[in-house]
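New to this one? Take a moment to look at the sequence and the fold before reading on.

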Amino acid sequence: MANADIIGMVAAVLTTLSFAPQALHVIRTDDTKAISLTMYVLFVTGLVCWEIYGLLIHSVPVIIANIVTIALALIILTQKIRHVLAERERVNP
């Protein structure tokens, strides 16, 4: 494995793991008040683009990191969307 691939894997692990605490917090507390819906929509869209890019260039670190990060970010985004819809329903029954 080339040095660039090793650095890529370390970067992928660190940046991907950085989302685990937020996802666990959302799962445990069901609290998404401080999370921006717009930011997470843009973020997940960007992750999907990175995933496509990783597939196109056949980069294992990029592919793996984005699959895992997309999964974690989708947990957060799904909960946030659920909360936004529930609040809209509460305000406008």
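What follows is a short tour of the salt bridges, the nonpolar core and the largest pocket. Keep in mind that this is a predicted model.

Let's start with charges. How many salt bridges does a search of the whole structure find? The count comes to two. Here they are side by side:

| Salt bridge | N to O distance | Where the residues lie |
|---|---|---|
| Arg 82 and Asp 30 | 2.6 Å | Arg 82 in helix H4 (residues 60-91), Asp 30 in the loop between helix H2 (20-29) and helix H3 (37-57) |
| Arg 90 and Glu 87 | 2.6 Å | both in helix H4, three residues apart |

Take the pair of Arg 82 and Asp 30, whose side chains meet in a salt bridge. Arg 82 belongs to helix H4 while Asp 30 sits in the loop between H2 and H3, so this pair ties together parts that are 52 residues apart in sequence. Neither partner is hidden away: Arg 82 is partly exposed, with a relative accessible area of 42%, and Asp 30 is partly exposed too, at 36%.

The pair of Arg 90 and Glu 87 is a local affair, with both residues in helix H4 and about one turn of the helix between them. Is Arg 90 buried or exposed? Arg 90 counts as exposed, because its relative accessibility is 59% and the exposed class begins over 50%. Its partner Glu 87 has 37% relative accessibility and counts as partly exposed.

Now for the inside. The largest nonpolar core is made of 12 residues, including Phe 19, Val 26, Tyr 40, Leu 47 and Ile 76. Which elements give two or more residues to this core? They are H2, H3 and H4, and H4 supplies the largest share, with five residues.

Tyr 40 is a good core member to click on. Leaving aside residues up to four places away in sequence, Tyr 40 touches Phe 19, Gln 22, Ile 35, Ala 73, Ile 76 and Leu 77. Of the residues it touches, Phe 19, Ile 35, Ala 73, Ile 76 and Leu 77 are also listed in the core.

Last stop: the largest pocket, with a volume of about 230 Å³. Its lining has 13 residues, and Ala 11, Ala 12, Thr 15, Ala 65 and Asn 66 lie nearest the centre. Helix H1 (3-17), H3 and H4 are the elements that give two or more residues to this lining. By class, the lining has eight nonpolar and five polar residues, and no charged ones.

Note on methods:
Residues are numbered from 1 along each chain as its sequence is written. This is a predicted model: local features need pLDDT of at least 70, side-chain atom pairs count only at pLDDT 80 or more; totals for chains, interfaces and linings use all residues. Side-chain values use heavy atoms; hydrogens and water are left out. A salt bridge is a side-chain nitrogen of Lys or Arg within 4 Å of a carboxyl oxygen of Asp or Glu. Helices (H or I, at least four residues) and strands (E, at least two) are DSSP runs, numbered from the N terminus. Buried means under 20% relative accessible area, exposed over 50%, partly exposed in between (1.4 Å probe, protein chains only). A nonpolar core is a set of buried Ala, Val, Leu, Ile, Met, Phe, Trp, Tyr and Cys residues joined through side-chain atoms within 4.5 Å. Contact means heavy atoms within 4.5 Å. On a 1 Å grid over the protein atoms alone, a cavity is a set of points where a 1.4 Å probe fits but cannot get out, and a pocket is an open set with protein on both sides within 12 Å along at least five of seven lines; lining residues have an atom within 4 Å of a point. Grid points are joined across faces, edges and corners, and a volume is the space filled by probe spheres set on the points. Ala, Val, Leu, Ile, Met, Phe, Trp, Tyr, Cys and Pro count as nonpolar, Asp, Glu, Lys and Arg as charged, and the others, Gly among them, as polar.
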